[in-house]
Each structure stands twice: as C-alpha cells, then as structure tokens.
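Q: Hey, could you walk me through this protein model? I'm new to it.

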Amino acid sequence: MNILIIDDHEIVRDGIKALIEQEYGWHVVYAVDSIGALPSYASFDEVDVAILDISLVNESGFDTLVKIKQQAPFVKCLMLSMYEHVGYISKALELGADGYVTKNAATKELMDSLESLERDENYLSSDISKKLAFGDKCLTSLLTDREKEIFLLLAKGFQPKQIAYHIDTAPKTVMVHRTNIYKKLNVTSQFGLLRIALEIGYLDVYDVINDDALIKTI
C-alpha cells in the first residue's frame, strides 16, 4: 500500500513514515507539509491512502481533503488530528474522509485504521467513539428535542429574546426551557452550556465565532 503523509510538523511526518515502513512494510511515497509541496511530477495515481492533519500552515486539512477527493476520489483519506470535537469529525466525514484518528490515540489505532482503509472500511479511533457515545447520552437521554435546540442556541451565546424570535415562541417559554436545561445539565450559566457543548463536540469554536444568523434576523 502506497501512502501520502501531509503534516506541517517534520518530526511527525518522519515518525509516521518510519513506523509505517519499518514496522508494517507499507511504502510512503511522499511526506510533505502541504499539497503544494508535492513535487511537480507527483501523481495521485500512485497513492492509495493520504494521511492528513487538519491544522496546516498554508491551508486547512479540510481544503486539502476536498482537493484530493476532487482530483482523485479513489484515494482513501485518513484525518490524523489533535482535534476531538464532533464538529471537526462530522465536517471531515461530510467532505469525504474515510477515517479519523486523534493524535492522542494509541499507535496501534493508526495502524488499525490503515488496515481498515486497505479493506475499504471506514475507521474512527476509540476515543472518538467514546466521545460520540457520551455526547449522545448526555443530550439525547436528558433533553427533549426542543430543549436540545435551545441548548445549542444558548451555548452559542444568544439571549432568550433572540431565540424566541428565531423559533417563533414567547421569550418566557424560552426562559422556562432554559431553567429546565440548567437543572438537567447541572449548570448555572450559558458559559456552562458552552463548556458542555464544546466538550462533547456538539459545537466547535468556529460555530461560536461565525454564527451570527440570529442577530441578523432581529
């Protein structure tokens, strides 16, 4: 199996390359810090799997993922990242990633993921699977669908009046839901809701920074 590594840390690239080639006998055809650093003669036709970091110097790993999938949809793409939030994982999978492993996962999981991709199977590292399970249990089992909707809006920092306008209900109704959400999740502020949303991955920092849709409607 021929592998492409794109990571902006040379020590990481070298470490993965050595592990793959010395321990498992696969071949790393290129190990670079960005897709633009590939030699002019490089071809995706000789690549079976691309290992991509999300945080790169010149562009995000998501942009690199899209470029690879557009140019060579047959190449399996494995995201290897420090980011564990569900938001990142979901985005990667939506953009066509075939697997996602965190850099906190055991080395064996990286190898397991490559073996899975070689068998045309998708792969998520176990720490991600546990986080997904916790997140689903935390919200799905405790909050109603309406409460989950309001929980996410409160976590983003929107106020009851804004939320009420957006979901077409009375501000007092939103405040009742807020009280129930605080009680069920054992928090006392919207910051507490934001912390939970980030921890379980239902929001990432980009959601909080960029989402001003409600403000525009007021």
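A: Here is a short chat about a pocket, some strands and two single residues.

Q: What kind of model is this?

A: This is a predicted model, where local features need pLDDT of at least 70, side-chain atom pairs count only at pLDDT 80 or more, and totals for chains, interfaces and linings use all residues. Residues are numbered from 1 along each chain as its sequence is written, and side-chain values use heavy atoms, with hydrogens and water left out.

Q: Okay, strands. Is E4 mostly buried or exposed?

A: Strand E4 covers residues 76-81, and five of its six residues are buried, so the strand is largely enclosed by the rest of the structure. Buried means under 20% relative accessible area, exposed over 50% and partly exposed in between, with a 1.4 Å probe and protein chains only. Strands are DSSP E runs of at least two residues and helices are H or I runs of at least four, numbered from the N terminus.

Q: Which strands pair with E4?

A: Strand E3 (residues 49-52) pairs with E4 in the parallel sense over four bridges, and E4 also runs parallel to E5, again joined by four bridges. Pairing needs at least two DSSP bridges between the strands.

Q: Which residues face each other there?

A: Val49 stands opposite Lys76 in E4, while Met79 has Tyr100 in E5 as its bridge partner.

Q: New topic: how big is the second largest pocket?

A: About 160 Å³ in volume. A pocket here is an open set of points on a 1 Å grid over the protein atoms alone, where a 1.4 Å probe fits, with protein on both sides within 12 Å along at least five of seven lines; lining residues have an atom within 4 Å of a point. The volume is the space filled by probe spheres set on the points, which are joined across faces, edges and corners.

Q: Which element gives the largest share of that lining?

A: H1, with four residues. Helix H1 (10-24), strand E5 (99-102) and helix H4 (107-118) each supply at least two. Among the lining residues are Val12, Leu80 and Lys103.

Q: And where's Asp7?

A: In the loop between strand E1 (2-6) and H1. Asp7 is buried, with a relative accessible area of 2%, and a polar atom of its side chain lies 2.9 Å from the backbone nitrogen of His9.

Q: What about Glu199, how far is it from His85?

A: Glu199 sits in helix H9 (residues 190-199) and is partly exposed at 42% relative accessible area. Glu199 and His85 are 7.2 Å apart in space, C-alpha to C-alpha, and 114 residues apart in sequence.

Conventions. A polar contact is a pair of N or O atoms within 3.5 Å; within protein, one must be able to donate a hydrogen and the other to accept it, and residues adjacent in sequence count only if both atoms are side-chain atoms.
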